[in-house]
Amino acid sequence: MKVLLLDDCYKYLYPDGVKDLDGFIGFLKKQKEVFIPMEKLDDESSVDPYYIEGEEKQVHINFSQIGSIEESDASVISAEEYDRRMAPVIRTMCPECMFEGDPDMKCDSVENKRDKIDIDINGCALFESGDGGYDPEDPDDDPDNKGKIYFLNKEKN
């Protein structure tokens with residue numbers, strides 16, 4: 001669906017009866033109030049371009065303070081659909097992550113993971129391997145470094 005992107009930052013639903021950017025500019029020109037009520041898509045409970053239906057926030061915006069208005073895309077889906085799409089990532093990545101179940105990192109419930117898991121790329125912004133970050137494909141990342149000599153280049157004063 002098409003939505004408004006204000007100041008290259010937050011996304012908003014079009015007001016009722018407005019379908020596109022030109023229509024929205026016409027809508028603004030007719031307004032007499034300084035602050036216009038708008039529905040902001042909640043970017044704290046999901047990862048763009050997906051948003052949870054019913055999580056929109058009612059805000060009032062002073063459009064004379066907005067630097068840019070453009071049209072963008074967003075998909076507003078139910079929480080159940082979002083969770084269904086997250087399920088493969090939760091099954092495969094979360095058990096291997098050192099933050100799994102950590103309430104301080106907000107990785108302790110499906111709802112808390114919604115703003116971290118990108119369902120388009122099937123990845124998580126916070127993922128940290130539970131093995132301390134060891135990468136077996138990286139020859140410089142060797143957990144068995146006993147008996148190895150390391151040369152340090154120290155500058156002389």
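# Talking through a predicted model

The chain has three helices and nine strands. This is a predicted model, and two colleagues go through it below.

Colleague: Happy to start with the overall layout. In what order do the elements of the chain run from the N terminus on?

Modeller: There are three helices and nine strands to place. Read from the N terminus on, the order of the elements is β-β-α-β-β-β-β-β-α-α-β-β.

Colleague: And what share of the contacts in the chain with a separation of 6 or more comes from residues 24 or more positions apart?

Modeller: Let me give one example of such a pair before the total. I36 and N62 are 26 residues apart in sequence, with their C-alpha atoms 6.5 Å apart in space. For contacts with a separation of 6 or more, the share from residues 24 or more positions apart is 62%.

Colleague: Nice example. Is I36 buried or exposed?

Modeller: I36 sits in strand 3. Leaving aside neighbours within four places in sequence, I36 is in contact with F27, L28, Q31, V59, H60, I61 and F63. The relative accessible area of I36 is 3%, under the 20% cut-off, so I36 is buried.

Colleague: Which residue does the side chain of N62 join through a polar contact of 2.6 Å?

Modeller: N62 belongs to strand 5, residues 57-62, and is buried with a relative accessible area of 17%. Beyond four places in sequence, N62 is in contact with V34 and F35. The polar contact of 2.6 Å is between side chains, and the partner of N62 is S64.

Colleague: You listed Q31 beside I36. Which residue offers the backbone oxygen that the side chain of Q31 reaches?

Modeller: Q31 has its place in the loop between helix 1 (21-30) and strand 3 (35-40). Its relative accessibility is 30%, so Q31 counts as partly exposed. At 3.2 Å, the side chain of Q31 reaches the backbone oxygen of F27.

Colleague: Let's turn to the nonpolar interior. Which element gives the most to the largest nonpolar core?

Modeller: That core has 12 residues in all: V47, Y50, I52, I77, A79, Y82, M86, V89, I90, C94, I117 and I119. Two elements give two or more residues to this core, strand 4 (50-52) and helix 2 (79-92). With five residues, the element giving the most is helix 2.

Colleague: How many residues are in the other core, the one with L6, F24, I36 and F63 among them?

Modeller: This other core lies apart from the largest one, and I36, which we met in strand 3, is among its members. Its residue count is 11.

Colleague: Back to the loops. Which backbone oxygen does the side chain of S46 reach?

Modeller: S46 is in the loop between strand 3 and strand 4, and with a relative accessible area of 4% it is buried. Not counting residues up to four places away in sequence, S46 touches Y51, I52, Y82, R114 and D115. At 2.7 Å, the side chain of S46 reaches the backbone oxygen of Y50.

Colleague: Some backbone geometry, please. What is the omega of the peptide bond from D48 to P49?

Modeller: Most peptide bonds are trans. P49 is found in the loop between strand 3 and strand 4. The bond from D48 to P49 is cis, with omega near 15 degrees.

Colleague: What phi does D8 have?

Modeller: Start with D7, in the loop between strand 1 (2-6) and strand 2 (10-13), where phi is near 50 degrees, a positive value in a residue other than glycine. D7 counts as partly exposed at 35% relative accessibility. D8 is found in the loop between strand 1 and strand 2 and is exposed, with a relative accessible area of 57%. D8 is not a glycine, yet its phi is positive, about 55 degrees.

Colleague: One last topic: what volume does the largest cavity have?

Modeller: The structure holds one cavity of 30 Å³ or more. The residues lining the largest cavity are M93, C94, C97, F99, E100, C107, K113, K116, I117, C124 and F127. By class, that lining has eight nonpolar, no polar and three charged residues. The volume of the largest cavity is about 70 Å³.

Conventions. Residues numbered from 1 in each chain as written. Predicted model: local features only at pLDDT ≥ 70, side-chain atom pairs only at ≥ 80, totals over all residues. Heavy atoms only, no water. Helix = DSSP H or I, 4+ residues; strand = E, 2+ residues; numbered from the N terminus. Buried < 20%, exposed > 50% of the residue type's maximum accessible area, 1.4 Å probe, protein only. Polar contact = N/O pair within 3.5 Å; in protein donor to acceptor, adjacent residues only side chain to side chain. Core = buried A, V, L, I, M, F, W, Y, C linked by side-chain atoms within 4.5 Å. 1 Å grid on protein atoms, 1.4 Å probe; cavity = no way out; pocket = protein on both sides within 12 Å on 5 of 7 lines; lining within 4 Å. Points joined across faces, edges and corners; volume = space filled by probe spheres on them. Nonpolar A, V, L, I, M, F, W, Y, C, P; charged D, E, K, R; others polar. Contact = heavy atoms within 4.5 Å.
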